[in-house]
Amino acid sequence: MWIPIQINENSAEPLYHQIETQLRSLIISGNITEGTLLPSIREFAGELKCSVITVRRVYQDLENEGLLRTRQGTGTFVSHVGAGAMEEYKREAIRKALEGAVDVGLSVQCSAEELARMFTEIVADKYNTQS
């Protein structure tokens, strides 16, 4: 199975975190459904052109969160994620992203009003282009 992960080698964000964040989003959004068999660690590392250790860490972290389960000799599968848990993951992911944006706004001395106006404009632009 091909998994659409985009790696930015110029990013300050660690490689494992880029992969983990994107894979988590794909699972939470339902783009990768419950019961889906993921590529083996070695196969996925080859596709992403990264270390086996990196993919192993991603799989272990997501398994610890309850998003993946590994069966010895069979592989790694997407776990059942209930609607409540899915909503909680979504809220947490959005909250972290928004907190990061607010932190950047604060660091460049952007006022709360200016930040709120920019947020409203971005939401309107993004949602209008998806219609």
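Biologist: In this predicted model, is Glu65 buried, partly exposed or exposed?

Modeller: Residues count as buried under 20% relative accessible area and as exposed over 50%, with partly exposed in between. Glu65, which sits in the loop between helix 3 and strand 1, has a relative accessible area of 28%, so Glu65 is partly exposed.

Biologist: Which residue meets the side chain of Glu65 in a salt bridge at 2.6 Å, N to O?

Modeller: Side chains of opposite charge can pair when their charged atoms come close. The side chain of Glu65 meets that of Arg24 in such a salt bridge, with 2.6 Å from N to O. This pair links distant parts of the chain, since Glu65 belongs to the loop between helix 3 and strand 1 while its partner lies in helix 1, 41 residues apart. The residue asked for is Arg24.

Biologist: Which residues are linked with Arg24 in a network of salt bridges?

Modeller: Besides its salt bridge with Glu65, Arg24 forms one with Glu20, where the closest N and O atoms are 2.8 Å apart. Glu20 and Arg24 are separated by about one helical turn, because they are 4 residues apart in helix 1. The residues linked with Arg24 in the network are therefore Glu20 and Glu65.

Biologist: Are Glu20 and Arg24 buried or exposed?

Modeller: The cut-off for buried is under 20% relative accessible area. Glu20 has a relative accessible area of 7%, which means that Glu20 falls under that cut-off. Arg24, at 17% relative accessibility, also counts as buried, so the word that applies to Glu20 and to Arg24 is buried.

Biologist: How many salt bridges does the structure hold, counting those outside this network?

Modeller: Another salt bridge joins the side chains of Glu99 and Arg95, with 3.3 Å from N to O. Because Glu99 and Arg95 are 4 residues apart in helix 4, about one helical turn separates them. Glu99 is partly exposed, with a relative accessible area of 40%, whereas Arg95 is exposed, with 52%. The number of salt bridges that the structure holds is 6.

Biologist: How far apart are the end C-alpha atoms of helix 3?

Modeller: Helix 3 runs through residues 52-64 and has 13 residues, which at 1.5 Å a residue should span 18 Å. The distance between its end C-alpha atoms agrees with this expected span, and its value is 18 Å.

Biologist: Why can Thr54, Val55, Val58, Tyr59 and Leu62 be placed on the same side of helix 3, and how many degrees does their arc cover?

Modeller: Thr54, Val55, Val58, Tyr59 and Leu62 are the residues in question, and they are buried. They lie on the same side of helix 3 because the arc that they cover around the axis is only 130 degrees. On the other side of helix 3, Ile53 and Asn64 are exposed. The arc of the buried residues is 130 degrees.

Biologist: What is included in the cover over the buried residues of helix 3, and which residues does Thr54 contact beyond its neighbours within four places in sequence?

Modeller: The cover includes helix 1, helix 2, strand 1 and strand 2. Thr54 itself lies in helix 3, and its relative accessible area of 16% is why Thr54 counts as buried. Leaving aside neighbours within four places in sequence, the residues in contact with Thr54 are Leu15, Tyr16 and Ile19.

Biologist: Which helix gives the largest share of the nonpolar patch?

Modeller: The nonpolar patch on the surface is formed by Ile94, Leu98, Phe119, Val123 and Tyr127, which together have about 480 Å² of accessible area. The elements that give two or more residues to the patch are helix 4, residues 83-107, and helix 5, residues 112-129. Phe119, one of the patch residues, is partly exposed because its relative accessibility is 44%. With 3 residues, the largest share comes from helix 5.

Biologist: Which residue just after helix 4 takes a positive phi?

Modeller: Helix 4 has 25 residues and reaches 36 Å from its first C-alpha to its last, close to the 36 Å expected at 1.5 Å a residue. Just after helix 4, a positive phi of about 60 degrees is taken by Gln109.

Methods. Residues numbered from 1 in each chain as written. Predicted model: local features only at pLDDT ≥ 70, side-chain atom pairs only at ≥ 80, totals over all residues. Heavy atoms only, no water. Patch = residues over 30% accessible without salt bridge, like charges linked within 9 Å, V, L, I, M, F, W, Y side chains within 5 Å. Areas by Shrake-Rupley, 256 points an atom, 1.4 Å probe, with all protein chains shown as cover. Salt bridge = Lys/Arg side-chain N within 4 Å of Asp/Glu carboxyl O. Buried < 20%, exposed > 50% of the residue type's maximum accessible area, 1.4 Å probe, protein only. Expected span 1.5 Å × (residues − 1). Arc of directions from axis to C-beta. Contact = heavy atoms within 4.5 Å.
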